[in-house]
Amino acid sequence: MSHIFPRHCHKHPPVVSHGEGPFLYDTTGKAYFDGSGGAAVSCLGHSDAEVIAAIKGQVDQVAFAHTSFFTSAPAEALADKLIENAPEGLERVYLVSGGSEAMESALKLARQYMLEKGEPNRRHIIARRQSYHGNTLGALATGGNAWRREPFAPLLMETHHIAPCFAYRGQEPGESLEAYGLRVANELEAKLEELGAENVLAFVAEPVVGATAGAVPPAPGYFKRIREICDRYGILLILDEVMCGMGRTGTLFACEQDDVAPDICAIAKGLGAGYQAIGAMLCTGEIYDCIRDGSGFFQHGHTYLGHPTAAAAGLAVLNRLVDQGIAERVAPMGEKLRTALGDAFEDHPHLGDIRGRGLFIGIELVEDRDTKTPFDPSLKIQDGIKARCFEAGLICYPMGGTIDGKRGNHILLAPPFIMEETHIGLMVDALNTAIAPDALRG
Ligand code: PLP
């Protein structure tokens, strides 16, 4: 009997044995192509020699030193490298152990900044429906996914949500993509007026929505308008790039493609590429200077902040992504994968939409293509898709609740950037079996 408290009490996953490139192997020797990088984590696959060597080298030197006593060479170098490549204005890096911690840090920093700036009434957080920002209480309260929030609602702080920018579901007939983006961005201004802009702290969004809606990119101009509104009313723009950042969409930071820079940015997942647990919160020089010249310290902290071994891994990952150009593979490989998926499923009776950016791709499945009617949620088609793909040797990330936390289905693909064109066929074949119309209806 296992003493592990698993994710699901009635499922018995195989035991992983080892990894090789984009493949994971279980102890029976079966190979699985990691088509979702777990949950958009393993951007360098599972056997990157340089990252592994960097971790071993750091452990040999010193594995851990608490940040209340020391800084470390890998943490300093990683912060330098992140800032060198970050959107304009971001100047400081707060290293944590994952995405939820990065988001908690972002929310608390926003509040402390406003306090120290002399705007203590600013307390409201506005985010978007169908977003996910992590599972700790502050991050969960910020997220707008009804299913994830529901059981814990009595414990969640008050937050406010506007519509996502989700063209497949929200764009009106005859409305241009740009006009749609502008319309939903303007919901932020309406919400500010409702709450009193002087009481609002920040607006939080994923540049490309990940787990909850399936790689949904913003409409052109959407984030420019959001940035304009934030500036006009003096509220902070917090971008959650935990899933979509670190090259996943084809640029190191996803927001580069929308030509906006946040005041605070959260990253994780691809930063450690799965080799170590690491995340980071980046903020502008203006925010940092306000704290430095005020109380002089951010009233926050975790034991494993700036962990030297995790930082050494993150630095090695960035060297691979940026200096060695691996992130440059993402856009062309993503294009090829999307084209292959489009060709394979163009006539599939249940294909609703294929979307995304780079190697961050969502496939939305519907009962009826013309009306976009989703499958009956009680069918839980996502469970069957995941099981059939796994059986066929493909790891992917199917989810239900794409539309509103209950209705809708998508499959998220986020394969390692080191994948080769030859792996595309394997992915398409496994998906073809898993989403065959008869199989979907059970
Ligand atoms: N933010 C986003 C956009 C995410 O996708 C996730 C995880 O999926 C998180 C935050 C939370 O990250 P973690 O699971 O590392 O705590």
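In this predicted model, the second largest pocket is lined by 33 residues, and those lying nearest its centre are Arg-92, Val-93, Tyr-94, Leu-95 and Tyr-288. The elements that each give two or more residues to this lining are two helices and two strands, namely α3 (73–85), β4 (90–96), β10 (279–284) and α10 (285–293). The space inside the second largest pocket comes to about 960 Å³, and its lining divides by class into 18 nonpolar, 10 polar and five charged residues.

The surroundings of the ligand can be read in a similar way. Around the ligand stand Gly-98, Gly-99 and Ser-100, then Tyr-132, His-133 and Gly-134, and further along the chain Glu-206, Asp-240, Val-242, Met-243 and Lys-269. Sorted by class, this shell holds three nonpolar, five polar and three charged residues.

Among these neighbours, three can be followed down to single atom pairs that involve an oxygen atom of the ligand. Gly-99 takes part through its backbone, with an N or O atom that lies 2.8 Å from a ligand oxygen, whereas Ser-100 brings a polar side-chain atom to 2.6 Å from an oxygen atom of the ligand. Lys-269 likewise has a polar side-chain atom placed 2.9 Å from an oxygen atom of the ligand. Taken as a whole, the protein covers 81% of the accessible area of the ligand, which on its own has 390 Å².

Terms used. Residues are numbered from 1 along each chain as its sequence is written. This is a predicted model: local features need pLDDT of at least 70, side-chain atom pairs count only at pLDDT 80 or more; totals for chains, interfaces and linings use all residues. Side-chain values use heavy atoms; hydrogens and water are left out. A residue is near a molecule or strand if one of its heavy atoms lies within 4 Å of it. A polar contact is a pair of N or O atoms within 3.5 Å; within protein, one must be able to donate a hydrogen and the other to accept it, and residues adjacent in sequence count only if both atoms are side-chain atoms. Accessible areas come from the Shrake-Rupley method with a 1.4 Å probe; for residues, only the protein chains shown count as cover. Ala, Val, Leu, Ile, Met, Phe, Trp, Tyr, Cys and Pro count as nonpolar, Asp, Glu, Lys and Arg as charged, and the others, Gly among them, as polar. On a 1 Å grid over the protein atoms alone, a cavity is a set of points where a 1.4 Å probe fits but cannot get out, and a pocket is an open set with protein on both sides within 12 Å along at least five of seven lines; lining residues have an atom within 4 Å of a point. Grid points are joined across faces, edges and corners, and a volume is the space filled by probe spheres set on the points. Helices (H or I, at least four residues) and strands (E, at least two) are DSSP runs, numbered from the N terminus.
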